[in-house]
Amino acid sequence: EKMKAFDPELARKAQIAFDNKLPINFQQLEIIEDSLPRLLEEKKQLENARSAIAKLPVGGPYELPKSIDISAARPVPGQKDIQGTRLELAEIMDPGCLEKLVEGPQKEILSKGAVTAKQLK
């Protein structure tokens, strides 16, 4: 309630995260309305993964079951987009900022469209 007096828009977005029990940071809070479907899917996938992993036998093998889908989880090792990273909000607020920062061989990959702001939506 005290946040409403300070910033009603931020309070509204924080209420969305609170109502959906989403543990997010302030950068994610800025774009919660756009990313809410992905965040809810990520939450569901992680809950399923936790329950599947809890069923693993004591003593192993401790391998992630192949049936677990974590495609909505971000950030993850090896991802090909910038969803869930610190660059996501920066690219939304300043389109093309990623291209300005990248140097070397990665710039060529970026210029081919491997990672673009379009992947954020």
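What follows is a walk through the fold, the core, two helix packings and a couple of backbone oddities in a predicted model.

Starting with the overall picture, the protein has 7 helices and 0 strands, so the order from the N terminus on is simply α-α-α-α-α-α-α, with helices and strands taken as DSSP runs. Of the 121 residues, 31% are buried. As for contacts with a separation of 6 or more, 38% come from residues 24 or more positions apart.

The largest nonpolar core has 8 residues in all: Leu 10, Ile 16, Ala 17, Leu 22, Leu 29, Ile 32, Leu 36 and Leu 39. Two elements, α2 (8–19) and α4 (32–54), each give two or more residues to this core. Leu 36 is a handy member to look at up close. Once its neighbours within four places in sequence are set aside, Leu 36 touches Ile 16, Asn 20 and Leu 22; Ile 16 and Leu 22 are listed in the core as well.

The two helices that feed this core also pack against each other. The axes of α2 and α4 sit 11 Å apart, at an angle of about 5°. That angle makes α2 roughly parallel to α4, because anything under 35 degrees counts as such. On the α2 side, the contact is made by Arg 12, Lys 13, Ile 16 and Ala 17, while α4 brings in Ile 32, Glu 33 and Leu 36. Sorted by type, the residues of this contact come out as 4 nonpolar, no polar and 3 charged.

Further along the chain, helix α5 (residues 86–93) has a clear inside and outside. Its buried residues are Glu 88, Leu 89 and Glu 91. These span an arc of only 160° around the axis, so they end up on the same side of α5. The buried residues pack against α3 (26–30) and α6 (97–101). On the face turned away from the buried side, α5 carries Arg 86 and Met 93, both exposed.

Two loop spots deserve a look for their backbone geometry. In the loop between α4 and α5 lies Pro 75, and the peptide bond leading into it from Arg 74 is cis, with omega near -10°. The other spot is Lys 21, in the loop between α2 and α3. Its phi is near 55°, which is positive even though the residue is not glycine. Is Lys 21 buried or exposed? With a relative accessible area of 64%, Lys 21 is exposed, because the cut-off for that class is over 50%.

Note on methods
Residues numbered from 1 in each chain as written. Predicted model: local features only at pLDDT ≥ 70, side-chain atom pairs only at ≥ 80, totals over all residues. Heavy atoms only, no water. Core = buried A, V, L, I, M, F, W, Y, C linked by side-chain atoms within 4.5 Å. Buried < 20%, exposed > 50% of the residue type's maximum accessible area, 1.4 Å probe, protein only. Helix = DSSP H or I, 4+ residues; strand = E, 2+ residues; numbered from the N terminus. Contact = heavy atoms within 4.5 Å. Axes fitted to C-alpha atoms, helices over the stretch in contact; angles between N-to-C directions. Parallel < 35°, antiparallel > 145°, perpendicular 65-115°, else oblique. Nonpolar A, V, L, I, M, F, W, Y, C, P; charged D, E, K, R; others polar. Arc of directions from axis to C-beta.
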